[in-house]
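Ready for a few exercises? Have the sequence and the structure open, try each task yourself, and then compare your steps with the worked solution.

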Amino acid sequence: MKRHWCTILLALLAFPAFCQTDSLFRAAQRQAYHSQYEPASTTLSQLLKLEPEHYDARFLSAMVQAWDGNYFVALQQLNTLTHCCAPTEEALAAIARINLWAEEYPKAIAEADKGLLVFPDNEDLLYIRAQAEAAYQAYEDALNTLDTLLNENDEYPKAEELQEEIEILIRKNAAGLEYKYSRFSNTFAPWHQLSANYQRKLQNMLLIGRLQHAQMFDQQGLQFEIDAYPKFDNKTYAYLNAGLSNNTVFPKVRWGAEIFRILPAQWEASAGMRGLYFEQTPIHIYTLQLGHYFPAYWLSGRVFMSTLENESPLSGLLTARRYLGNKDHYATLYVGSGATPNRVNSLTEVQRLNANWIGIDYQHPLQKRLWIIRSAVEFQQETYPEVRTTDRLSFTIYLERRF
């Protein structure tokens with residue numbers, strides 16, 4: 001009886017401490033959920049002073065560091081945790097996943113393999129290994145890993161999505177056809193533009209060749225262009241463009257260059273220049289862009305400055321894109337103001353005094369993303385020299401096949 005009462009007394013004495021640590025842990029969870037990483041880390045430190053052996057608190061502390069981008073610190077904490085305690089599936093998967101986030105793809109694969117030696121049927125470890133293999137461009141290995149995962153669980157949605165993504169990535173070629181029709185309220189006859197392109201993926205570069213035919217101002221124009229998107233590392237890539245035409249509608253020579261850099265916190269910035277050489281009228285356009293990626297959105301602001309005289313010195317373009325399942329399925333809304341259009345085709349377009357425009361486009365993949373169809377509509381109010389004002393309504397349809 002005496003031992004029974006002692007047990008009850010010890011439990012009563014421990015209860016306030018348990019309530020305090022439980023309260024702190026729940027507070028840290030809420031803070032982490034709302035991305036309040038610094039307060040969450042402080043709360044967890046307080047908890048661990050009271051209860052150093054609190055496994056869940058130590059694990060959450062490591063994950064808070066990882067979510068805040070402190071991957072090295074997070075891995076140190078998790079490795080300490082797995083050495084002092086029996087490694088759990090959750091901890092081993094977290095180590096592999098954080099290496100993946102840190103873009104240490106060989107390490108992520110190795111850590112996933114370590115975990116699979118202990119827990120060979122763990123689906124999360126298999127999926128993380130497939131993600132790392134795909135990011136490392138070991139596509140065949142990734143597909144084999146996903147086959148293993150889907151054989152164990154044929155209803156693992158993320159695995160099916162990644163499998164579809166990889167099957168698109170290993171297709172090196174694409175061909176597309178685009179038609180654009182523009183009608184004016186006055187001043188100009190309708191414009192017709194038809195272009196065909198061929199795309200080829202290389203090791204660290206995408207190449208696009210394009211042949212464009214246009215009927216504008218009662219003239220026929222033909223232009224050939226090549227675009228290149230070289231990738232320098234995981235955070236830096238570029239856009240390069242060169243083109244030649246028969247010098248009727250399009251510029252005789254055109255070129256462009258822009259460098260893109262992915263910044264922390266899902267930001268992206270770019271800076272570049274375009275050169276357009278019409279007969280006796282060379283034009284240079286400078287451009288800057290700042291964009292931000294959200295889980296399902298991309299927002300961007302871009303400015304242009306042209307060297308052409310009598311033109312508004314600055315033009316701006318705001319873009320909002322909503323992704324609808326994958327990067328090939330989206331809807332875009334954009335608005336702009338200023339003389340310089342986003343894409344210059346004719347000298348007349350850059351000689352206008354001012355313009356305001358709004359447009360929407362929608363892209364949809366078909367047959368497991370082997371086909372892409374995109375449509376767009378755009379409305380512009382434009383002012384040209386001699387105080388001519390016109391409204392332009394444009395429709396675009398694009399079809400692409402990957403192979």
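**Exercise 1. Place I128 in its surroundings.**
Task: decide whether I128 is buried or exposed, and find which residues it is in contact with, leaving aside its neighbours within four places in sequence.

Solution. Start with the surface: I128 has a relative accessible area of 0%. Buried means under 20%, so I128 counts as buried. Keep in mind that this is a predicted model.
Next, find the element: I128 sits in helix α7.
Then list the partners. With neighbours within four places in sequence set aside, I128 is in contact with A93, A96, R97 and L100.
Finally, try a distance: between the C-alpha atoms of I128 and I109 there are 7.8 Å, although 19 residues separate the two along the chain.

**Exercise 2. Map the largest nonpolar core.**
Task: work out how many residues the largest nonpolar core has, and which helix gives the most to it.

Solution. Begin with the background: in soluble globular proteins, nonpolar side chains tend to be buried together.
Now count: the largest nonpolar core has 25 residues, and L100, L146, L149, Y156, A159, L162 and I166 are those with the most contacts inside it.
Sort by helix: α5 (89-101), α6 (105-118), α7 (123-135), α8 (139-152) and α9 (157-169) each supply at least two residues of this core. The most comes from α7, with seven residues.
Zoom in on L146: residues up to four places away in sequence aside, L146 touches A130, A159, L162, Q163 and I166.

**Exercise 3. Follow the strands.**
Task: find how β3 and β4 run, and how many residues lie between β4 and β5.

Solution. Take the β3 and β4 pair to begin with. Strand β3 (residues 205-216) and strand β4 (residues 219-230) run antiparallel, joined by 12 bridges. As a check on the register, M205 stands opposite P230 in β4.
Look at the turn: two residues lie between β3 and β4 in this hairpin, and F217 in the turn has a positive phi of about 55°.
Move on to strand β5 (residues 236-245), which pairs with β4 in the antiparallel sense over six bridges. Here the bridge partner of I226 is A242 in β5. β4 and β5 form a hairpin as well, with five residues between them.

**Exercise 4. Describe a pocket.**
Task: say which residues line the second largest pocket.

Solution. Its lining consists of S35, Y37, A66, W67, D68, G69, Y71 and Q266. Classify them: four are nonpolar, three polar and one charged. To finish, the space in the second largest pocket is about 210 Å³.

Key
Residues are numbered from 1 along each chain as its sequence is written. This is a predicted model: local features need pLDDT of at least 70, side-chain atom pairs count only at pLDDT 80 or more; totals for chains, interfaces and linings use all residues. Side-chain values use heavy atoms; hydrogens and water are left out. Two strands pair if DSSP finds at least two bridges between them. Helices (H or I, at least four residues) and strands (E, at least two) are DSSP runs, numbered from the N terminus. On a 1 Å grid over the protein atoms alone, a cavity is a set of points where a 1.4 Å probe fits but cannot get out, and a pocket is an open set with protein on both sides within 12 Å along at least five of seven lines; lining residues have an atom within 4 Å of a point. Grid points are joined across faces, edges and corners, and a volume is the space filled by probe spheres set on the points. Ala, Val, Leu, Ile, Met, Phe, Trp, Tyr, Cys and Pro count as nonpolar, Asp, Glu, Lys and Arg as charged, and the others, Gly among them, as polar. A nonpolar core is a set of buried Ala, Val, Leu, Ile, Met, Phe, Trp, Tyr and Cys residues joined through side-chain atoms within 4.5 Å. Buried means under 20% relative accessible area, exposed over 50%, partly exposed in between (1.4 Å probe, protein chains only). Contact means heavy atoms within 4.5 Å.
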